[in-house]
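Take a look at the chain below. This report walks through its strands, its cores and its surface.

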Amino acid sequence: PDLTKSVSVGPDGKISYPLVGRLQASGLTIEQLENEIRKRISKFVKYPQVSIMMTGYAGNKVIILGEVNTPAVYTFKGSLNLIEAIAMAGDFTGKAQQDSVIVVRGNLTEQLKAFKINMTNVIKKGTSKTDIVLQPNDVIYVPRSLIHDVDKFLANFSNIISNGRKILDLRKDIINRIIMER
């Protein structure tokens with residue numbers, strides 16, 4: 001009973017099991033994993049009986065960051081295209097630069113690849129579920145629009161100019177009062 005456990009495969013593809021420790025599970029068939037556990041546990045238990053039953057599949061994940069309404073890690077089963085992923089994240093914010101969406105593919109052990117996608121064109125032209133299909137662990141980044149930043153700058157600049165004018169007007173009033181008092 002001490003060795004009857006329900007375990008989950010972690011994001012690194014490994015499981016933790018009593019007397020066995022951490023063990024790579026991804027990439028193995030259920031039979032291969034049973035044999036590996038049996039081999040490792042036989043150092044402690046005579047004639048171990050190992051049976052593995054998969055109870056669920058967590059799915060794949062994508063990470064959606066930047067100017068979407070709900071940036072987060074999302075899990076999916078089957079296939080997922082970029083439009084569906086953006087929809088899962090609650091669509092673009094008003095600050096999103098939709099013509100420069102970046103998809104980063106790969107992990108630390110592979111060569112990273114980045115793709116710039118003009119979602120404005122994709123949305124205008126329409127797409128099928130086979131277009132821009134995401135892969136597990138893709139990172140989608142939606143940058144902030146430069147126009148939004150320029151608008152923010154201009155609003156701040158306008159305030160600075162307005163405040164500067166007020167200071168100059170105040171200075172002019174003070175100079176005029178000094179001249180009148182003389």
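Two strands count as paired if DSSP finds at least two bridges between them. Keep that in mind for what follows. The model shown is a predicted one.

**Strand pairing**

Start with strand β3, which covers residues 60–66. β3 pairs with strand β7 (residues 139–142) in the parallel sense, over four bridges. Within this pairing, L65 stands opposite Y141 of β7.

β3 also pairs with β4, which spans residues 72–76. These two strands run antiparallel and are joined by five bridges. Here I64 faces A72, a residue of β4. What connects β3 to β4? A hairpin does, through five residues.

The table sets the two pairings side by side.

| Pair | Sense | Bridges | Opposite residues |
|---|---|---|---|
| β3 and β4 | antiparallel | five | I64 and A72 |
| β3 and β7 | parallel | four | L65 and Y141 |

**The cores**

Now turn to the inside. The largest nonpolar core has 20 residues. Which of them touch the most other members? They are V62, I64, L82, L134, I140 and V142. At least two residues of this core come from each of β3, β4, α2 (82–88), β5 (101–105), α3 (119–125) and β7. Helix α2 gives the most, with three residues. Another core lies apart from this one. That second core has nine residues, including I15, V20, L33 and V50.

**Contacts of V142**

V142 deserves a second look. Setting aside neighbours within four places in sequence, V142 is in contact with L65, G66, E67 and V68, among others. Its list of contacts also includes I86, F92, A96, Q97 and V101.

**A loop residue**

S145 sits in the loop between β7 and α4 (146–181). Is S145 buried or exposed? Buried means under 20% relative accessible area. S145 has a relative accessibility of 13%, so S145 counts as buried. Outside its neighbours within four places in sequence, S145 is in contact with K95, A96 and Q97. A96 and Q97 also appear among the contacts of V142.

**The surface**

Finish on the outside. I30, M54 and Y57 make a nonpolar surface patch of about 330 Å². I30 belongs to helix α1, residues 30–41. How accessible is I30, and what class does that give? Its relative accessible area is 39%, so I30 is partly exposed. The partly exposed class lies between the 20% limit for buried and the 50% limit for exposed.

How values were computed. Residues numbered from 1 in each chain as written. Predicted model: local features only at pLDDT ≥ 70, side-chain atom pairs only at ≥ 80, totals over all residues. Heavy atoms only, no water. Patch = residues over 30% accessible without salt bridge, like charges linked within 9 Å, V, L, I, M, F, W, Y side chains within 5 Å. Areas by Shrake-Rupley, 256 points an atom, 1.4 Å probe, with all protein chains shown as cover. Salt bridge = Lys/Arg side-chain N within 4 Å of Asp/Glu carboxyl O. Buried < 20%, exposed > 50% of the residue type's maximum accessible area, 1.4 Å probe, protein only. Core = buried A, V, L, I, M, F, W, Y, C linked by side-chain atoms within 4.5 Å. Contact = heavy atoms within 4.5 Å.
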